[in-house]
Amino acid sequence: MAIKTLGAKAAATLDQELMSTCAFSIDQLMELAGLSVSQAVYRVHPLNKGRRILVACGPGNNGGDGLVAARHLFYYGYNPSIFYPKRSKNELYQRLAKQLEDLDVPFVDDFQSAIASTDHVVDAIFGFSFSGEVREPFPAVIQALQETKLPVTSVDAPSSWDIENGPPSSGLGSSFMPTALVSLTAPKPLVRHFNGRHFIGGRFVSPSMAKKYGFEVPEYQGVDQVVEVATSGEKL
């Protein structure tokens, strides 16, 4: 069974519809996304593999998802740290950062030294709206993610990848292949180029919305907010 994907334009339109027709708030969607990411990390990297989790956050919604995931990971028993070099002035992101500061979760400035003393990395830098060139201060971060031997879980898209066409053909990010990918709401076309562990986190999507946008909501088990699927789209 070929996996059904949602392109960048359709994903953006669906997000807007979720916050209008479906009456979700951005806070709710970000909380659900971050919760999904945290559960995927728990599956890929259980506590006995090491408690240190470095979460690299970009300035937009993808970074917000990472902040939420870090909070949940803290309560699971991990020791998260946050690399968040371009903090948003948006109140929502400021509140998410404050929640982590209240838990004494450290915010780090030097990604190179932080990645040298962690067990797992969450890549929450760029999401499905990314296009163009990687701008400072993130080129060195992408390079480090590309070169590290540590497991990496990417949120919605491996950072630097084109949402439709996957990794760059050459240069920065061209050989970046994270250990795991958490597709939020629905998989994006780039998953055709991905060969790691693939999770979907979209349990909140109604059957009618999924039908309207032409994808299927997978069967989630118990209280799970993620389901692992093969790159073909079949459930594992």
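1. Let's start with how H2 passes H4: in this predicted model, the crossing of the two helices is right-handed. Helix H2 covers residues 26-44 and helix H4 covers residues 91-102. Their axes lie 11 Å apart and meet at an angle of about 40°. That angle makes H2 oblique to H4, because the roughly parallel class takes in angles under 35 degrees.

2. Which residues of H2 meet H4? On the H2 side they are Ile26, Asp27 and Met30. Their partners in H4 are Leu92, Tyr93, Arg95 and Leu96. Sorted by class, this contact holds five nonpolar and two charged residues, with no polar ones.

3. H4 also packs with helix H3, which runs over residues 61-76. Here the angle is about 25° and the axes are 9 Å apart. H3 and H4 are therefore roughly parallel to each other, and their crossing is left-handed.

4. You may like to look at the side chains in that second pairing. H3 brings Asn61, Gly64, Leu67, Val68, Ala70 and Arg71 to the contact. H4 answers with Tyr93, Leu96, Ala97, Gln99 and Leu100. The contact of H3 with H4 divides into seven nonpolar residues, three polar and one charged. Tyr93 and Leu96 appear in the contact with H3 and also in the contact with H2.

5. As a reminder when reading these contact lists, an α-helix has 3.6 residues a turn, so residues three or four places apart point the same way.

6. Next comes helix H6, residues 139-147. Which of its residues are buried? They are Pro139, Val141, Ile142, Ala144, Leu145 and Gln146. The elements covering them include strand S2 (79-83), helix H5 (111-115), strand S4 (120-124) and strand S5 (152-155).

7. One residue of H5 deserves a look of its own: Ala114 sits in that helix. Is Ala114 buried or exposed? Its relative accessibility is 8%, so Ala114 counts as buried. Leaving aside residues up to four places away in sequence, Ala114 touches Leu54 and Val108. Phe83 is 31 residues away from Ala114 in sequence, while their C-alpha atoms are 8.4 Å apart in space.

8. Finally, the record: an unreviewed UniProt entry carries the annotation "domain: YjeF N-terminal" over residues 11-217. In the model, the C-alpha atoms at the two ends of residues 11-217 lie 14 Å apart. That span is 37% helix and 15% strand.

How values were computed
Residues numbered from 1 in each chain as written. Predicted model: local features only at pLDDT ≥ 70, side-chain atom pairs only at ≥ 80, totals over all residues. Heavy atoms only, no water. Axes fitted to C-alpha atoms, helices over the stretch in contact; angles between N-to-C directions. Helix = DSSP H or I, 4+ residues; strand = E, 2+ residues; numbered from the N terminus. Parallel < 35°, antiparallel > 145°, perpendicular 65-115°, else oblique. Left-handed = near helix turned anticlockwise from the far one by under 90°. Contact = heavy atoms within 4.5 Å. Nonpolar A, V, L, I, M, F, W, Y, C, P; charged D, E, K, R; others polar. Buried < 20%, exposed > 50% of the residue type's maximum accessible area, 1.4 Å probe, protein only. UniProt positions renumbered as here; feature names shortened; annotations may be inferred.
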